[in-house]
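Here are my notes on this model, as numbered points. Have the structure open while you go through them.

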Amino acid sequence: MVVLSQPALEPFSVIKTCKPVGLFSEIPVIDLTDPHAKTLIIKACEEFGFFKLVNHGVPMELMTKLEGLANSFFNLPQPEKDKAGPPDPYGYGNKKIGPNGDVGWVEYLLLHTNPQILSQKTSIFQENPQIFRSAVEDYLLGVKRMTFEVLELMADGLEIESRNVFSRLLRDDESDSCFRLNHYPPCPELQALTGGNLIGFGEHTDPQIISVLRSNNTTGLQICLKEGTWVSVPPDQTSFFINVGDILQVMTNGRFTSVKHRVLADPLKSRMSMIFFGGPPLSEKIAPLPSLMAEREGSLYKEFTWFEYKSSAYTSRLADHRLGLFEKTAGQ
């Protein structure tokens, strides 16, 4: 069992509930091969900002190979892992989430999806760096192909004439996308001391266009429904979970919802998640698409570049309402 060095308890958030958080039994499940997939995707994005994707076409062996290599890395002695950090923001991080005081019971690797940057960062692995690089690249190739298809089905479902209006931003050579491996070690001693569920990763929305998550079969992921209820998402290591990001919420003028989510650490089992964050080029101007606004409907958001929004997001705390600074006020 991997155990992170024991921290002081004070900085870590604990969730204490009088009754168990319910399971999300009605999670939208969408079959990518379903002829009605585009309609189902739109409904899920409007109601939840989140859905589970099956029959996605990404080979299981790509997932299990990368998960195995990631587990090998996270099982290394702490001094060996520390050689891959500190994050800048890419590289290895432990407990600290960002530069603004957020912490969680998590260790992670954050990598850019640009092959040159990816190569520089994965060269830190002393043992078989090429094997790890190759596994990441193979996995991302399959996940990106699937993500492009999902985004193009979204455009079709929204009846946008240019079906690559979203996917082109991720296909662009300058796309500012990243890939994150999160490892949440078991924490039986801390759970017993605190008497609650230790926060692995605090509540937040993802700032990018779309997030594509795959995890092992350990529970922990929770999403917040529109009425404010937190629900647990049953894990499924064969499927992907799709999150609407802040940028997609803006581009649809609020029609899609950027989902608030968090991860609770399991007291007995480790959780491993792999997340592809699809972002636009830094210079891309972001605003609601005119074709999605009804006649005389005003834009809910000011125009901004992805660089401006990313800079603002990464100077905020996880739980902050990041889009608030970019919402139009009355009269604007």
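1. How many nonpolar, polar and charged residues does the lining of the largest pocket have? The split is 20 nonpolar, 14 polar and nine charged. Keep in mind that this is a predicted model.

2. Staying with that pocket, its volume comes out at about 870 Å³. Eight elements would be a lot to click through, so here they are in order: β4 (91–97), β5 (102–112), β6 (178–184), β7 (197–204), β8 (210–215), β12 (261–264), β13 (271–278) and α9 (306–313) each give two or more residues to the lining. The lining has 43 residues, and those nearest the pocket's centre are I97, G98, R180, F201 and Y314.

3. For the overall picture, the protein has nine helices and 15 strands. It runs to 332 residues, 52% of which count as buried. Take the contacts between residues at least 6 apart in sequence: 74% of them join residues at least 24 apart. The accessible surface is about 15100 Å², and carbon and sulfur atoms account for 53% of that.

4. Now the packing. Nonpolar side chains tend to be buried together in soluble globular proteins. Here the largest nonpolar core has 63 residues, and the members that touch the most others are F51, L53, Y139, M154, F166, F179 and F240. Helix α5 (residues 129–157) is the top contributor to this core, giving 13 residues. There is also a second, separate core of 22 residues, with I27, Y108, F201 and V259 among them.

5. F166 is a good residue to centre your view on. Setting aside residues up to four places away in sequence, F166 touches L151, M154, A155, L158, I160, L248, M251, T252 and L289. M154 also appears alongside F166 in the list of core members that touch the most others.

6. F201 turns up twice in these notes. This residue lies among those nearest the centre of the largest pocket, and F201 is also included in the second core.

7. Last, have a look at P28, which sits in the loop between β1 (14–15) and β2 (29–31). Is P28 buried or exposed? P28 counts as buried because its relative accessibility is 13%, under the 20% cut-off. Beyond its neighbours within four places in sequence, P28 is in contact with A44, F48, F50, F51 and K52. Of these, F51 is one of the residues that touch the most other members of the largest core. P28 and L40 are twelve residues apart in sequence, with 8.3 Å between their C-alpha atoms.

Notes:
Residues are numbered from 1 along each chain as its sequence is written. This is a predicted model: local features need pLDDT of at least 70, side-chain atom pairs count only at pLDDT 80 or more; totals for chains, interfaces and linings use all residues. Side-chain values use heavy atoms; hydrogens and water are left out. On a 1 Å grid over the protein atoms alone, a cavity is a set of points where a 1.4 Å probe fits but cannot get out, and a pocket is an open set with protein on both sides within 12 Å along at least five of seven lines; lining residues have an atom within 4 Å of a point. Grid points are joined across faces, edges and corners, and a volume is the space filled by probe spheres set on the points. Helices (H or I, at least four residues) and strands (E, at least two) are DSSP runs, numbered from the N terminus. Ala, Val, Leu, Ile, Met, Phe, Trp, Tyr, Cys and Pro count as nonpolar, Asp, Glu, Lys and Arg as charged, and the others, Gly among them, as polar. Buried means under 20% relative accessible area, exposed over 50%, partly exposed in between (1.4 Å probe, protein chains only). Contact means heavy atoms within 4.5 Å. Accessible areas come from the Shrake-Rupley method with a 1.4 Å probe; for residues, only the protein chains shown count as cover. A nonpolar core is a set of buried Ala, Val, Leu, Ile, Met, Phe, Trp, Tyr and Cys residues joined through side-chain atoms within 4.5 Å.
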